[in-house]
Amino acid sequence: MGRPLDLFAAASPEGAWTVSQVTRRAHAVVEAGLPPLWVRGEVSGFKAWQSGHWYFALRDKAAQLRCVMFGRDNRRLPAPPSEGMQVFAFGQPTVWDEKGEFRLTVYELLSTEEGGLWKLQFEKAKAALARDGLLEPGRKRALPRFPMRIAVITSPDGAALKDIIAVMGRRWPVAELIVLPAQVQGDSAEYELCSALAALRRLEVDVAIIGRGGGSKEDLWTFNRERVARAVAASAVPVISAVGHETDITLCDLVADWRAPTPSAAAEAATPDRDDVRAALEQLGQRLGRGLTTRAQRAGDLLARSQDRLVGALERRLERLGDRLAAHGAHLDALSPLKILGRGYAVARDARGDVLRRIAQFSPGLAFRLRVSDGEVPARAEQS
Amino acid sequence: MAASSANPQDLAAQLERLEQIVRRLEAPDLDLDEALKLFEEGVERLRAARERLAQAELKVKKVLEHLDR
């Protein structure tokens with residue numbers, strides 16, 4: 001287009017375009033030729049209207065672009081941009097027919113200082129994770145006290161792995177370290193990290209560390225991918241996230257069960273110190289010995305006390321028996337025939353010792369013996 | 001041995017059971033017979049745990065098969 005023939009062909013019957021026709025046409029041309037895009041510039045002449053719409057211009061050294069951001073779009077932003085602020089604006093270039101003005105209808109506005117495009121993606125993914133409850137503090141699992149199999153998902157030749165191996169070799173060499181190599185930056189990083197996280201399920205490890213050493217925001221970005229964060233959240237075992245340096249907090253850190261500021265700190269968080277465990281073990285050993293000694297001593301004491309009580313009981317029982325015997329003795333004494341003889345009775349017995357009880361037994365002239373209280377007297381029945 | 005005698009490799013289980021044994025052994029109402037049994041088990045677990053802690057060097061293994069999916 002632009003050739004005179006085309007313009008004439010498009011002309012109205014009056015032979016000239018109306019303003020509306022031209023603006024409408026410009027409007028269509030601009031929107032067809034410029035899809036929604038990100039524009040970077042400096043905010044100038046910002047004005048917030050009663051209606052809630054924002055009007056301002058984006059400028060650089062050579063040009064300026066009028067912008068409007070409607071209330072429905074700017075409502076989501078935490079604050080309006082300040083004068084002179086460097087921003088990213090996402091919007092549709094268009095023509096404002098009524099004023100014949102070329103402008104940008106802005107849908108999204110980000111300060112470049114806060115991370116711009118990166119921040120947009122981060123915040124969107126974070127909101128999605130929060131919606132699914134994946135950022136709840138209650139989801140965080142406790143790390144195992146004595147992990148014997150520890151997985152590490154990181155670059156096989158990065159400093160992070162070296163640091164982790166060094167710390168674990170010093171603190172907790174009794175464990176087995178299972179390295180799942182993965183690219184931690186670049187195009188394949190997202191796929192490789194997710195794939196390694198999925199592989200955890202088959203490896204029967206106690207805990208996993210995912211991370212990398214420091215780097216630029218772009219280098220660390222894979223750890224802000226929603227897919228990677230979701231794979232961390234889906235892990236069957238507790239995950240420690242250690243990405244970059246202390247100040248870099250990624251989505252991966254937010255969903256992990258534990259966030260370590262550095263890979264070395266992750267290795268420390270994952271493991272106990274063997275010297276401490278040994279000391280605790282020896283203390284348990286001592287308590288074990290003391291426990292049994294105390295228990296045995298108590299049993300001995302109990303036995304001694306039981307013995308004392310037993311002897312006491314026996315003694316008391318014997319005493320009672322003695323008393324009873326004495327009583328029986330007195331009784332027996334009372335019944336003794338000697339006692340009866342003492343009262344003047346006598347017993348007659350023949351030579352065989354049989355007691356003579358009736359007259360018929362005393363045949364005339366029978367010799368017999370008479371037992372009286374103090375002895376026997378020989379006697380004889382009278383001849384009749 | 002008690003029902004909780006897990007995989008001897010499982011140091012966590014060993015130590016937890018050992019702690020449990022010591023606590024039981026320190027309880028005042030324990031039968032002497034049981035105390036002896038617990039002591040014997042404790043000594044055995046102590047030995048196993050010491051052995052487990054003796055591994056001198058961290059084993060490092062690289063797993064590559066997860067990328068072949």
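In chain A of this predicted model, five strands close into a barrel, following the order E1-E2-E3-E5-E4, with mixed pairing. From one strand to the next, the twist averages 55°. Within this barrel, strand E3 (residues 64-69) and strand E5 (residues 101-111) of chain A are paired in the parallel sense, and three bridges connect them. A:Cys67 has A:Leu104 of E5(A) as its bridge partner. Helix H2 (residues 19-33) of chain A packs on the sheet, where H2 touches strand E4 (86-96) and E5 of chain A. The direction of H2 makes about 140° with that of E4(A).

The contact between the chains draws 34 residues from chain A and 34 residues from chain B. On the side of chain A that touches chain B, at least two residues each come from helix H5 (159-171), strand E7 (176-181), helix H6 (189-203) and helix H11 (274-335). Of the elements of chain A, H11(A) gives the most to this side, contributing 12 residues. By residue class, the side of chain A that touches chain B comprises 23 nonpolar, four polar and seven charged residues.

Strand pairing also occurs across the two chains. Strands of a sheet pair through backbone hydrogen bonds, in either a parallel or an antiparallel arrangement. E7(A) and strand E1 (residues 59-62) of chain B run parallel and are joined by four bridges. In this pairing, A:Leu177 is positioned opposite B:Val60 of E1(B). E7(A) is thus one of the elements that supply at least two residues to the side of chain A touching chain B, and E7(A) is also bridged to a strand of chain B.

Definitions and conventions
Residues are numbered from 1 along each chain as its sequence is written. Chains are lettered from A and ligands numbered from 1 in the order in which they are written. This is a predicted model: local features need pLDDT of at least 70, side-chain atom pairs count only at pLDDT 80 or more; totals for chains, interfaces and linings use all residues. Two residues are in contact if their C-beta atoms, placed from the backbone, lie within 7 Å. Ala, Val, Leu, Ile, Met, Phe, Trp, Tyr, Cys and Pro count as nonpolar, Asp, Glu, Lys and Arg as charged, and the others, Gly among them, as polar. Two strands pair if DSSP finds at least two bridges between them. Axes are lines fitted to C-alpha atoms, for helices over the stretch in contact, and angles run from 0 to 180 degrees between N-to-C directions.
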